[in-house]
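Hi there,

Here is the structure I promised to pass along. Have a look at it first, and then read on for what turned up.

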Amino acid sequence: MNTRIALIPAYEPDQALTKVVMELKKNEFEIVVVDDGSSLDKTAIFQEIAENTDVIHHSRNSGKGTAIKTGLQFIKDTYKNIYTVVTVDADGQHKIEDVLRVCSAAEREPDAMILGSRKFEGGVPLRSKFGNYVTRLVFYVTTGCKLYDTQTGLRAFQDALIPKLLAIPGERYEYEMNVLMYFTKSKEKILEEWIETVYLENNESSHFNPIKDSYRIYKEILRFSGASLISFVVDYFLYCILNLLTENIVLSNIFARVISAAFNYILNRKLVFKSKSSVHKSVLKYALLAAAILGCNTIFLRAITTLGINRYISKVIVEACMFVLSYTVQHTFIFGKND
């Protein structure tokens, strides 16, 4: 049978980690635990599991993403035959039957990333339910891909995917979101397997910082939103001034759009996506996108104003509709990391 390897990133674990290791060992898993800079009073726990586990220590807390990549690199260097890797949380929130289920799915679909997705039913903490809903919505808006549980730590995959996973940036909780973003962009297969939703002690053991870690997860779209807002202010200001001077909706919209698009390109390339792609290549792609959006923008703007809606309000409505389309195309095709 395929070798199965459980990778467990652990920071300040309790005795639940010992139970997780024992249960995995009973089911014939090879186990790799990465101690992500835990305090000295956790030494006894790591010593207790060391007999049945490969334990790797970080000298300081480097984040879940870094811990996962440390474990993946160790696995890649140590195991040579075909194997399945499953990432498991250290706090006991993943049941062994669910771990086995996602592993089996990965072995049936060797080219796919398998997510153990929770349905968020029953006594789920409000912050967890709300956080998953928001993340799910943001992910769909930015990628066009529907996933029910984007925050699950239970993920299984075959060894062939490890080089791709090691190349994906991210040090902390944002890494898991980056994996989904990059897999979606590169057309890698992502599949979901339903698992039981388990929250121990209202999820108090989680080291997720709602402010810092949420920013890391959403920072690209937040930067994009900020750049889009600034560009919209420039666009709207020019549109209003030109409308007052010429009373020509089409010409005012076109001129304002050309100026704001050039400004937006600079912001997105340098500050939002931090792209290193060829300027000539990205400028051409951006110009085509800007022309397409300008055409749609102008047509929709003219159509809405003919319905009797105020021309200034119409401009706001149309720009809001173009926002999602613009982000998706720029993230995926223009300033993508693979360009």
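**Salt bridges and surroundings**

Let me begin with Glu109, which counts as partly exposed at 28% relative accessibility. Please keep in mind that this is a predicted model. The side chain of Glu109 meets that of Lys189 in a salt bridge, with 3.1 Å from N to O. This pair links distant parts of the chain: Lys189 belongs to strand E7 (residues 189–195), while Glu109 sits in the loop between helix H4 (96–108) and strand E5 (112–118), and the two are 80 residues apart. Lys189 is partly exposed as well, at 34% relative accessibility.

How many salt bridges does the structure hold? There are 11, and a few others deserve a visit.

Arg118 forms one with Asp149, and their closest N and O atoms are 2.6 Å apart. Here too the pair links distant parts of the chain, with Arg118 in strand E5 and Asp149 in the loop between helix H5 (126–143) and E6, 31 residues apart. Are these two residues buried or exposed? Arg118 counts as buried at 13% relative accessibility, and Asp149 counts as buried at 0%. The cut-off for buried is under 20% relative accessible area.

Next comes Asp235, which forms a salt bridge with Lys315, the closest N and O atoms being 3.0 Å apart. Asp235 lies in helix H8 (residues 212–246) and Lys315 in helix H11 (residues 311–334), so this salt bridge ties together parts that are 80 residues apart in sequence. Both ends are buried: Asp235 has a relative accessible area of 1%, and Lys315 comes in at 0%.

Salt bridges also link Lys64, Asp89 and Glu176 in a network.

**A buried glutamine**

If you go to strand E6 (residues 155–158), you will find Gln158 there. With a relative accessible area of 8%, Gln158 falls under the 20% cut-off and is therefore buried. Which residue does the Gln158 side chain join in a polar contact? The partner is Thr84, whose side chain is joined to that of Gln158 at 2.3 Å. Leaving aside residues up to four places away in sequence, Gln158 touches Asn2, Ile82, Tyr83, Thr84, Ala106, Glu107 and Pro110.

**A nonpolar patch on the surface**

Helix H8 is worth a second look, since Leu244 is found there. Leu244 is exposed, with a relative accessible area of 62%. Together with Phe237, Ile241 and Leu245, Leu244 makes a nonpolar surface patch of about 460 Å². Asp235, buried at 1%, lies in helix H8 too, so when you turn the model you can find a buried residue and an exposed one, Leu244, in that helix.

**The chain as a whole**

Stepping back, the chain has 11 helices and 7 strands. Of its 339 residues, 49% are buried. Among contacts with a separation of 6 or more, 74% are between residues 24 or more positions apart. The chain exposes about 17000 Å², and carbon and sulfur atoms supply 61% of that area.

For a quick tour, you could start at the salt bridge between Lys189 and Glu109, move on to Gln158 and its polar contact with Thr84, and finish at the nonpolar patch that includes Leu244.

Happy browsing, and best wishes!

Note on methods
Residues numbered from 1 in each chain as written. Predicted model: local features only at pLDDT ≥ 70, side-chain atom pairs only at ≥ 80, totals over all residues. Heavy atoms only, no water. Helix = DSSP H or I, 4+ residues; strand = E, 2+ residues; numbered from the N terminus. Buried < 20%, exposed > 50% of the residue type's maximum accessible area, 1.4 Å probe, protein only. Contact = heavy atoms within 4.5 Å. Areas by Shrake-Rupley, 256 points an atom, 1.4 Å probe, with all protein chains shown as cover. Polar contact = N/O pair within 3.5 Å; in protein donor to acceptor, adjacent residues only side chain to side chain. Salt bridge = Lys/Arg side-chain N within 4 Å of Asp/Glu carboxyl O. Patch = residues over 30% accessible without salt bridge, like charges linked within 9 Å, V, L, I, M, F, W, Y side chains within 5 Å.
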